[in-house]
Amino acid sequence: GGISAALPSLMTDAAQGGFTMKKATAIFSVVICALAVWVITMTYSMRSSIIQYDIGPAAYPRLICYLLVGLSMLLLVLDCILKKEDEPLIFLRRANLRDIGIVLIFMLALQYVGFPICAFAAIAVMMKIMGCPKTWMMIVFPAAASAVLYLVFRMLLNVRLPLGLLGLIF
């Protein structure tokens, strides 16, 4: 067929065209840094809170964006400093498509199944893919991580996450 025949050529064209991991990392770092700087500048137009000691609505986006700027610059500098062998970039690997599929399923199921169950399933599947040898670790760690994430978002950040099926019980 047309698409299946075109897929291998898409996968090798990037490698033959000279687009490498170093170039991709540099482009990614600069784009993320530029987007973060843009968001930082946009937060200055947010209104400040009327509460005297409130940090205001722009504090968290600025914090995250400052972290993104710092980490993207660190990635760029480390990629330039480290003397690792450059490799051709292959865009459409099966593993990449699989991981994108897992994230899409997570996003689509989130509203109906709920955050705690979706997070548990996604973390457990990723641990299995990454070769976690112990079954108990694939149960305990995803359960603890999804519970901690839910509590942080709900209690600390006051962000309501969908409970889905668990909303029927609680």
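Let's start at isoleucine 40, which touches Cys65, Tyr66 and Val69 once you set aside residues up to four places away in sequence. Keep in mind as you look around that this is a predicted model.

Two of those partners turn up again when we ask about the nonpolar core. Which residues make up the largest one? It has five residues in all: Cys33, Ala36, Ile40, Cys65 and Val69. The elements that give two or more residues to this core are helix 2, running over 21–43, and helix 3, running over 59–81. Helix 2 gives the most, with three residues.

Now slide along helix 3 to serine 72. Is this serine buried or exposed? Serine 72 counts as buried because its relative accessibility is 5%, and the cut-off for buried is under 20%. Leaving out residues up to four places away in sequence, serine 72 touches Ser29, Ile32 and Cys33. Cys33 is also one of the core residues we just met.

Cysteines deserve a stop of their own. Cysteine 65, another member of the core, has a relative accessible area of 6%, so it is buried. Cysteine 80 is a contrasting case: its relative accessible area is 56%, so it counts as exposed. You might wonder how many disulfides the structure holds. A disulfide is a covalent bond between the sulfur atoms of two cysteines. In this structure there are zero.

Next, the rings. Searching the whole structure turns up one aromatic pair. The partners are phenylalanine 106 and phenylalanine 115, arranged edge-to-face, with 6.5 Å centre to centre and 75° between the planes. How exposed or buried are the two? Phenylalanine 106 has a relative accessible area of 23%, so it is partly exposed. Phenylalanine 115 has 10%, so it is buried. Another ring has a charged residue for company: arginine 62 lies over the face of tyrosine 44, at 4.0 Å from the ring centre.

Finally, how confident is the predictor in all this? The chain has a mean pLDDT of 79, and 79% of its residues reach 70 or more. Where is confidence lowest, and where is it highest? The low end is helix 1, residues 2–16, at a mean of 45, while the high end is helix 5, residues 115–129, at 90. Phenylalanine 115, from our aromatic pair, falls within that helix 5 range. Over residues 1–15, pLDDT stays under 50, and for this stretch the model has ten contacts beyond four places in sequence.

Methods: Residues are numbered from 1 along each chain as its sequence is written. This is a predicted model: local features need pLDDT of at least 70, side-chain atom pairs count only at pLDDT 80 or more; totals for chains, interfaces and linings use all residues. Side-chain values use heavy atoms; hydrogens and water are left out. A nonpolar core is a set of buried Ala, Val, Leu, Ile, Met, Phe, Trp, Tyr and Cys residues joined through side-chain atoms within 4.5 Å. Buried means under 20% relative accessible area, exposed over 50%, partly exposed in between (1.4 Å probe, protein chains only). Helices (H or I, at least four residues) and strands (E, at least two) are DSSP runs, numbered from the N terminus. Contact means heavy atoms within 4.5 Å. pLDDT is the predictor's confidence in each residue, from 0 to 100. Rings of Phe, Tyr and Trp (its six-membered ring) pair if their centres lie within 6.5 Å; planes under 30 degrees apart count as stacked, over 60 as edge-to-face and the rest as tilted. A charge sits over a ring if NZ of Lys or CZ of Arg is within 6 Å of the ring centre and within 35 degrees of the ring normal. A disulfide is a pair of cysteine sulfur atoms within 2.5 Å.
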